[in-house]
Amino acid sequence: MQSSDNDLPTGGGSLPTSPIAASALRIQKSRHTLNDVSQSALFQSEASLPYRRSHPSAASLYASTLSPPGSRSQSPVGRPPSRIASGSVFGAGSNNALALTSGAGDSPGDPLNLILRAFVPHVAVYTSEDTDILLKEKGFGRGLWELLRPFGERVQGKVIIRDSNGSSRTYEDYSIHFVQFGEGIVHPEPVTSGLKSTQTQRTNGVSESSSAPGRGQRGILISDVEAVVDRHLSYAEESFFSLPQSPRSHGLDIDVPSPYYALYLRRLLSGLPLTPHETFAHPVACVIAISSRNQSPIETLRRLYTESSTGDKRLPNWVDAEFLRYYVLVHEEERDDITSSMSLFDQMKRNLGLHCHLLRIRGTQSVATDDDSIPLPRSEWMPASEELADIRRSEDQEDFEDPTRYIFESDATAIRTFIREMVTQSIIPTMERHVSVWNDQVASRRRGIAGRFVGLTKRWGFGSNSRTSFGGPSSGSNYDSLGFYRQDTPEAIMRKLADYSFMLRDWKLAHSTYELLRGDFNNDKAWKYHAAANEMAAISLLIMPQNISAKSRAETIDTAFEAAFYSYITRCNAPYGALRCLSLGLELLRLRGGSSIDDAAKWGIRLLESKIVGPVGDALLKERLAVCYASKQGMGTHLWGGRPRKSALWSVLGAEAWVAQNKYIQAQRCLNEARKTYSELPSENGIDKFAYANAFVLGIGKQLNQNLEAGDQDDGTDTGDQSDVVDEESEALDTRGRRISTMGLPGGATGAGLETAPLKAQIDASEEGKEKQDTGDAKDDFG
């Protein structure tokens, strides 16, 4: 594939570039030098272990980012945007969020598509012992849940959903998440007065609670997300330059983000914990399954129901136990009689209702050599901790096998049919009925005059005692001192109504309900509930198909994000919530276009300043800020209102962040984007006249060149068989330290920022010494 002419800077550019194809071989020879820089405090446990090359059989673990890092540009320069709403650069554009959501399913890595596929109904799976044995014989050690999970991520066919007004909409990208029953529960912390004080120092991502013992108690860890993306980046550094194609040979596309940024967002939204302050992970339904081998099937089904409702396996009392039970009979085609299974299935429907299904699968394990076998797709929405455990296992085990599973095509067809039938005939109608009942019986009372009067009496304490403490709720509040609302309180029901509406894509009802809850949670000082309600109120409003003026955006969205961020960080010590809130807000504001892009960048910078992300997240956010500013298209012949210089600045800062982590492919990508942007500016607006800025960029290029030259020198001293050389080289280079070079910075400045105006004396000095000094011109495309 030939490089496009648009990929090369033209005109009076201030920074020279050259093709990168000639340097591909040298990059491949120096791959072993990429991972020996110690990480920040977030990765102290990771950096204490030597990096190991991934096992060849582990390639499927990195399938989500196997496209070259440069295949998707971070900058939209040179191509008109297709998803960014157009309009005035000085105000709100005439955007249509409905058009944005309608095309989101076409791009799996699109941030809006990730939002729509993350907040979906969760279906728990609870099976009998005989079903687990059957699935283990089939090759799925974790049971039926492991087999069903990949198929739930895309429901086959069209799904029709009715909103609160009775209007029907059809979606072809609907999905559900299968989870293990009772897993991922995060219990709330008791109510304490004042602000949270059990915080560890936040420096480059270290902001987790020191008292959290494990994932079951602390939910999603930012450090796990960072470690997963770091492993993918390291695998790319080893692998991609062995390909004949150059990473620069791909086109530009604003709609498709970097695969690593998409992976970061996906893992940030994967494995949502079961928490009281939001109900997205609360089970909407539970699949209770037995196999045709069971000797007492009806009794077993009743026992499983009792265990999941009132027995030892029951969920906490802040989870509504009246979720849908869906009974499944797993029939083994090769050993059991279909006639007896059909008879048992009819008996199940008579005793347990119509929410039943007969799933017919083969009991033998499928292998790749079978005629009708197909590979089981790897789950895209597995938690970061699970993927990290798989990657570590591939690095530690010498005999690691390819984790790709195979199933019979007839089994895949039966599972797709089962999931579609369950979703369209049971789950969606049940959710629609609950939304209608809760809206009529609970939420509508709060929207009237009587409901507002009740809210005022709760706020000012009329009819109840005064507040018991400075930071605690009033005595008339439904907020429990243990830190949650019970599942039958109006606040818990309304939160579930809002989340159900969001999952059914009824954004208007969801937003109005979140707005009601914000005041209630604030009055009760339920700060985590308050933060989550503000977060989802802003997100649902941004997805709604309506225009938002700059004034309304400042009064509603900015206020909601500010309240959510403050509560997450200061009051609750919940950095994950703050990161999720502002990351999603950044992407949705960017899609709004116009002046919303500046607000998106503002929240991205706020996220960087908070230091709650690690080094990988820091670099990815800087890349995304460059995309954000480049998305703002100027008007007229002079492109008034555009932000190309800010986009180039953040590209340079992104390159600096990647070089500090020895991720040279990503650093090259950012640096080339910055050069291209600067080269397309008028010559007087370029970077040549800014001495420190020019030297700063050239210094980053020199660091890339030096690392390539070091790899070449090491390769020149190696002799003998090539396979032996690789082993010797890897052992030597893993123990050699790296020093981040700052060559080219005047006055020996290290990490100097970009100045805002040229200094004439410095320009003259630099011109006089131009013949004596190394200009830092690229010896290959990295410089």
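## A five-stranded sheet and its surroundings

The strands β4-β1-β5-β6-β7, in that order, form an open sheet of 5 strands with parallel pairing. At its edges lie β4 and β7 (356–361), and each of these pairs on one side only. On average, neighbouring strands of this sheet are turned by 30 degrees against each other, direction ignored. Keep in mind as you explore that this is a predicted model.

**Strand β1 and its partners**

Let us look at β1, which covers residues 122–127. How many of its residues are buried? The count is 6 of 6, so the strand is mostly covered, with buried meaning under 20% relative accessible area. In a regular strand the side chains alternate between the two faces of the sheet. You can follow this in β1: His122, Ala124 and Tyr126 point one way, while Val123, Val125 and Thr127 point the other way.

Strands of a sheet pair through backbone hydrogen bonds, either parallel or antiparallel. With β4 (residues 177–180), β1 runs parallel and is joined by 4 bridges. With β5 (residues 283–291), β1 also pairs in the parallel sense, over 6 bridges. The table lists some residues that stand opposite each other.

| Residue in β1 | Residue opposite | Partner strand |
|---|---|---|
| His122 | His177 | β4 |
| Ala124 | Val179 | β4 |
| Thr127 | Ala289 | β5 |

**The chain as a whole**

Stepping back, the chain holds 26 helices and 9 strands. Of its 783 residues, 56% are buried. Take the contacts between residues at least 6 apart in sequence: 80% of them join residues at least 24 apart. The chain exposes about 33,300 Å², and carbon and sulfur atoms supply 50% of that area.

**Nonpolar cores**

In soluble globular proteins, nonpolar side chains tend to be buried together. Here the largest nonpolar core has 182 residues, and Phe178 and Phe502 have the most contacts inside it. Helix α13 (residues 409–447) gives this core its largest share, 14 residues. A second, separate core has 5 residues, including Leu61, Tyr62, Tyr235 and Phe400.

Which residues does Phe502 touch, leaving aside those up to four places away in sequence? Its aromatic-named partners are among them: Phe119, Phe280, Trp507 and Tyr514. Phe502 also touches Ala510, Met536, Ile539, Ser540 and Ile543.

**A buried helix**

Helix α19 covers residues 575–592. Is it enclosed or open to the outside? Since 18 of its 18 residues are buried, α19 is largely enclosed by the rest of the structure. Its length can be checked too: at 1.5 Å a residue, its 18 residues should span 26 Å, and its end C-alpha atoms are 26 Å apart, which agrees. After α19 comes Gly593, whose phi is positive, near 75 degrees.

**Two positive phi angles in loops**

Most residues other than glycine have a negative phi. Lys611, which is not a glycine, has a positive phi of about 60 degrees. Lys611 is found in the loop between α20 (596–610) and α21 (615–630). Asn662 also has a positive phi, near 60 degrees, and is a residue other than glycine. The loop that holds Asn662 lies between α22 (644–660) and α23 (664–679).

Where do these two residues stand in terms of cover? Lys611 is partly exposed, with a relative accessible area of 39%, whereas Asn662 is buried, with a relative accessible area of 1%.

Key. Residues numbered from 1 in each chain as written. Predicted model: local features only at pLDDT ≥ 70, side-chain atom pairs only at ≥ 80, totals over all residues. Heavy atoms only, no water. Core = buried A, V, L, I, M, F, W, Y, C linked by side-chain atoms within 4.5 Å. Buried < 20%, exposed > 50% of the residue type's maximum accessible area, 1.4 Å probe, protein only. Contact = heavy atoms within 4.5 Å. Pairing = 2+ DSSP bridges. Axes fitted to C-alpha atoms, helices over the stretch in contact; angles between N-to-C directions. Areas by Shrake-Rupley, 256 points an atom, 1.4 Å probe, with all protein chains shown as cover. Expected span 1.5 Å × (residues − 1).
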